[in-house]
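Let's take a walk through this protein together, one stop at a time. Keep the sequence and the 3D view handy as you read.

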Amino acid sequence: MSLLELIIACTILLILSSMALPTVRSVVVRQREQELREDLRTMRNAIDRYKDMADANLIRVQVGSEGYPPDLDTLVKGVSVGGSGANGHNVRFLRRIPVDPVTGRREWGMRSVQDDPDSTSWGSKNVFDVYSKSAGTALDGSRYSDW
């Protein structure tokens, strides 16, 4: 009788665990999506702060860059503000380039002001926007690269 009870208990546990597996998968995907949204928001805010400082003539920008950073590394390394010497200081906009939680790499798609809005190639002049290089789709059916 105890062998039969053990088999029934194991069968019930197997059924319950197989029912919980899809829920756990969707929770993990949802956490990655939330992290992706936060990383994109953080980088876009850093680009906006750089642009605001450039528009206020606090930092030097290249002609034709429209006041946007030349690349993401510039946001991490920082720029000199207030001139050189004792009065000047270095302002960093990001601590580091975040890892794309969907692809697992520090590679992001970038758009410059001169690029077409739906372009997937970067013109290498400035960084106007960032997006994920993932070709996957989110739980809501949208593509990660469209966020």
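Where is the place of Glu33? You'll find Glu33 in helix H1, which covers residues 2-55. Before going on, keep in mind that this is a predicted model. The pLDDT averages 86 over the protein, and 93% of the residues score at least 70. Among the elements, helix H2 (residues 72-77) has the highest mean pLDDT, 92, while strand E1 (residues 79-81) has the lowest, 84.

Back to Glu33. This residue is buried, and yet it has no salt bridge. The nearest side chain of opposite charge belongs to Arg37, and that one is 5.1 Å away. A salt bridge here needs a nitrogen and an oxygen within 4 Å of each other, so the pair of Glu33 and Arg37, at 5.1 Å, doesn't count as one. What does Glu33 touch, leaving aside its neighbours within four places in sequence? Its contacts are Ala138, Leu139, Tyr144 and Trp147. Hold on to Tyr144, as that name will come back.

Now slide along to another part of the helix. Ile12 is in helix H1 and counts as partly exposed, with 47% relative accessibility. Ile12 also belongs to a nonpolar patch on the surface, together with Leu4, Ile8, Ile15, Leu16 and Met19. Taken together, the residues of this patch have about 580 Å² of accessible area.

Next up are the charged pairs. In general, side chains of opposite charge can pair when their charged atoms come close. How many salt bridges does a search of the whole structure find? The search turns up four.

One of them joins Arg44 and Asp129, whose side chains meet with N and O 2.8 Å apart. This pair links distant parts of the chain: Arg44 sits in helix H1 and Asp129 in strand E4 (residues 129-131), with their positions 85 residues apart in sequence. Arg44 is partly exposed, at a relative accessible area of 25%, whereas Asp129 is buried, at 17%. There's also a wider network of salt bridges here, linking Arg44, Arg111 and Asp129.

A salt bridge between Asp55 and Lys51 has its closest N and O atoms 3.1 Å apart. Both residues are in helix H1, and because they are four residues apart, about one helical turn separates them. Asp55 is partly exposed at 48% relative accessibility, while Lys51 is buried with a relative accessible area of 17%. Then there's the salt bridge of Arg143 and Asp146, at 3.7 Å from N to O. In this pair, Arg143 is partly exposed at 44% relative accessibility, and Asp146 counts as exposed at 56%.

Now for a pair of serines. Ser132 lies in the segment after E4, and Ser134 has its place in that segment after E4 too. Is Ser132 buried or exposed? Ser132 is buried, with a relative accessible area of 0%. Not counting residues within four places in sequence, Ser132 is in contact with Leu36, Leu40, Asp100, Trp108, Tyr144 and Ser145. Ser134 is buried as well, at 9% relative accessibility. Beyond its sequence neighbours up to four places away, Ser134 touches Val102, Thr103, Tyr144 and Ser145. So here's Tyr144 again: it appears among the contacts of Glu33, of Ser132 and of Ser134. As for distances, the C-alpha atoms of Ser134 and Trp108 are separated by 9.1 Å, with their positions 26 residues apart along the chain. Ser132 and Glu66 are 66 residues apart in sequence, and their C-alpha atoms are 23 Å apart in space.

Let's finish with a couple of loops. Arg105 lies in the loop between strand E2 (89-91) and strand E3 (109-111). Apart from its neighbours within four places in sequence, Arg105 is in contact with Pro98, Val99 and Asp100. The other loop runs between H1 and H2, and Asn57 has its place there. Asn57 is exposed, with a relative accessible area of 67%. What is the phi of Asn57 near? The angle is near 60°, a positive value in a residue other than glycine.

Terms used. Residues are numbered from 1 along each chain as its sequence is written. This is a predicted model: local features need pLDDT of at least 70, side-chain atom pairs count only at pLDDT 80 or more; totals for chains, interfaces and linings use all residues. Side-chain values use heavy atoms; hydrogens and water are left out. Helices (H or I, at least four residues) and strands (E, at least two) are DSSP runs, numbered from the N terminus. Buried means under 20% relative accessible area, exposed over 50%, partly exposed in between (1.4 Å probe, protein chains only). Lys and Arg count as positive and Asp and Glu as negative; His and the chain ends are not counted. Contact means heavy atoms within 4.5 Å. Patches are made of residues with over 30% relative accessible area and no salt bridge: like charges are joined within 9 Å, nonpolar side chains (Val, Leu, Ile, Met, Phe, Trp, Tyr) within 5 Å. Accessible areas come from the Shrake-Rupley method with a 1.4 Å probe; for residues, only the protein chains shown count as cover. pLDDT is the predictor's confidence in each residue, from 0 to 100.
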